[in-house]
Every structure is written in C-alpha cells, then in structure tokens.
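Subject: The model you asked for

Hi,

Here is the model, with the sequence and the coordinates together. It is a predicted one, so please read everything below in that light. My notes follow right after it.

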Amino acid sequence: MKKVFFVPYTHLNEYVDINKRALSDAGYEVVPLNLKNAVSSIGKKYSIIVNWLEDRPYGSNFSFRVKITTTIKCLAIIIFGAFFCSKRVWIKHNFKPHNSNGSFRCYKFISATLRTLKYRKLTLEKYAGGGMFHPLYCPDDTLRKKSIDLNTQKFEYLIFGAVKKYKGIHNILLFWPSDKSLKILGKCSSKSYRDEILSIIKNRELQVEWRDEYLSDEDLNYEISKAHFVVISHLDNTMISSGTFYHAVSYGCNIISLKSSFSIQKKKEHEFVHLLTDKEKDFDEFESDFVEKECVKKQVLKCYSRSYLSKRWQEILSDN
C-alpha cells in the first residue's frame, strides 16, 4: 500500500479527518510526518499533502519569536517533501492569514518556497484556480437519509461557528429584518466584538437568540438539521472556501450569503444559494424560493461526495 504524509495530521477542523478517510478509501495509508516516519520514508517515494502551512505562523496569540520558529518548522516540512517525496501537493485554503496584523512576510516567504520547490498548488474552489474541492461533512449514506420534517410556515435562520470579526456577523445584523428571528450558535472570545454585536441587537431590537458557547457536534448538527437557511457573512478576500457552506448543505440547508467571489460562484452552480444585498425585502423572496432539503442533498451529493473525493485523490496522486 502506498503511503502519504498528510499535514497537519490532526486538526479541530473535520476537513482533515474526512480527507484522511477518503485517502484511505482510495488505497493510501495516511501517516503523520514525524522524525521516525520521515527517516523510514527515505527512498520509498511517499507522497506529501500540506494544508495551511503558509497560515500557521499567524496564530492569534503568537509572539514574534513563536512566529519565526513556526515559519522555520514549516520550511523544514516543505524542504523535506521536496527532496524525499515523489508527489507534493499544496492545498491553499486562504487568500491571506486571518490573524495577521498587517505584515505578510512569513506568509509570502512560505508560499514562495512552496512554489519554488514545485509543490502542486490546488484550491478548493474553481474561481480561485480549483483542482480539488471541499467535501461534505456527512458520509454519503447519511445524506441519502430523509431530513427532519420542517414547518415551512415559519422559516428558521441560523448562523453557526466561532464568532470572529472577520466573519462579518455585525454586517448582517446592521440590516437584519426586525420581524425575522435569527439564531446564532457560537462562542465569541473577544469581549469588544461581543459587546459590538450585543449593542446592535439591542439598538435595533432584533429577534436574535445567541448561544455564546461551544456546542457539541451532536447538538450543533441537530440545530443545523432543523434550520431552513444558514447565513454566511464572511468578508471577501480572506478565505477561498467556506466550511460553513459545506457543513450546512450536508444537512440540506439553503444558503444566504453576502456577495463574495465564493458566493457568486456558488449561486451560479446551485439554486439553493441566495445572495444578500442590504434590502429587507430579500428575505421574503428567499422564502418563496426555498429549495427543499431533499433536493439540496441530492444536488450536493453529485458534486462533493466522499466517494468523489476518494476518486479525485486517486487522480491527483496517480503516477501518470
């Protein structure tokens, strides 16, 4: 069985485990890149797949020293792969690191090194180059099961995930219609941003229920399965792809999004994607154009299934 290093090997983002399982289904043994495995792999033509390397020096609490040492570690991984791995794949996830304070030197240097050492750059969206795609958050068999029956007389709107300013939730709340209820599920670690959101909700007298906490996977997925619409408010030119989108459509939700390169592309591909302007009347139109959950799941299975992901990895890592 051929072996492949997958970096990072563990991550809070479920994207990592989904891809590891897909690679395993494609006939590859996925192994962590550590000193023991690195030494034993020499001369054996392992492949290497790296994710977020250029973003890693920008941890939200990293000091300058930690940023530099992290950059050196990332460069060591890249150089090892260039000299000792037969296939080298770089999945570029973001246009720029989320937590940068204005300096992109480490980001640019790591990216330049990946290009110089001939890593094959892939992104998860066609508008940014493509080559790979973001998988769904449910196995194929689970998506084929019937969704929870919903009451379409009262549509439920949901925002979920860690509440951070770059996700732009405050922009949505500034023109959210006062007659539409909204549920926000996600912890906010910034007191100033929490206060900003609460101030908007109070001043505009919005019907917003916010669970400012970390939810279990079971609890979160149940809430998503009940929602009709998931709202995506990410600011443009930061992330190439939105994990929120793929998580939501895994449960058949329609998507409402601020206009961005990502959402405009998805609108062209799927009728369950609705683009948001700053007009409250948009919401009545969205509800009249609501696509049933079973139809959403059938569509996304054709485009982003786990079986298709395994097939794509086989194509990328083949010797041809």
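Let me start with strand β3 (residues 47-51): five of its five residues are buried, so the rest of the structure largely encloses this strand. Its side chains alternate, with Ser 47, Ile 49 and Asn 51 pointing one way and Ile 48 and Val 50 the other way, and all of them are buried.

β3 has partners, too. Strand β1 (residues 2-7) runs parallel to β3 and is joined to it by four bridges; in that pairing, Phe 6 has Ile 49 of β3 as its bridge partner. Strand β4 (residues 87-91) is also parallel to β3, this time with five bridges, and here Ile 48 stands opposite Arg 88 of β4. To get from β3 to β4 the chain passes through helix α3 (residues 64-84), and this β-α-β crossover is right-handed.

Next, a sheet further along the chain. It is an open one with six strands, in the order β8-β7-β6-β9-β10-β11, and the pairing is parallel. β8 (208-211) and β11 (273-276) are the edge strands, each pairing on one side only. On average, neighbouring strands in this sheet are turned by 25° against each other, ignoring direction. If you want a spot to zoom in on, strand β7 (residues 182-185) runs parallel to β8 and is joined to it by four bridges, with Lys 183 having Glu 209 of β8 as its bridge partner. At β10 (254-258) and β11, helix α10 (residues 261-269) lies across both strands and runs at about 140° to β11.

Now the charged side chains, which I thought you might like. Opposite charges on side chains can pair when the charged atoms come close. How many salt bridges does the structure hold? There are 19, and here are a few of them.

Lys 165 and Glu 196 meet through their side chains at 3.0 Å, N to O. This pair links distant parts of the chain: Lys 165 sits in the loop between β6 (157-160) and α6 (169-173), while Glu 196 belongs to helix α7 (residues 191-204), 31 residues apart. Lys 165 is partly exposed, at 44% relative accessible area, and Glu 196 is partly exposed as well, at 26%.

Lys 180 and Asp 284 form another salt bridge, with their closest N and O atoms 3.4 Å apart. These two are 104 residues apart, Lys 180 in the loop between α6 and β7 and Asp 284 in helix α11 (residues 282-288). Is Lys 180 buried or exposed? At 12% relative accessibility, Lys 180 counts as buried, whereas Asp 284, at 48%, counts as partly exposed.

The salt bridge between the side chains of Arg 312 and Glu 315 measures 2.9 Å, N to O. Both residues lie in helix α13 (residues 306-317), and because they are three residues apart there, about one helical turn separates them. Arg 312 is buried, with a relative accessible area of 17%, and Glu 315 is partly exposed, at 40%.

Finally, there is a network: salt bridges with shared partners join Glu 156, Lys 183, Arg 211, Glu 213, Asp 219, Glu 223 and Lys 226. Lys 183 is the residue in this network whose bridge partner in β8 is Glu 209.

Cheers

Definitions and conventions. Residues are numbered from 1 along each chain as its sequence is written. This is a predicted model: local features need pLDDT of at least 70, side-chain atom pairs count only at pLDDT 80 or more; totals for chains, interfaces and linings use all residues. Side-chain values use heavy atoms; hydrogens and water are left out. Two strands pair if DSSP finds at least two bridges between them. Axes are lines fitted to C-alpha atoms, for helices over the stretch in contact, and angles run from 0 to 180 degrees between N-to-C directions. Contact means heavy atoms within 4.5 Å. A salt bridge is a side-chain nitrogen of Lys or Arg within 4 Å of a carboxyl oxygen of Asp or Glu. Buried means under 20% relative accessible area, exposed over 50%, partly exposed in between (1.4 Å probe, protein chains only). A crossover is right-handed if, with the strands pointing away from the viewer, the path from the first strand over the helix to the second runs clockwise.
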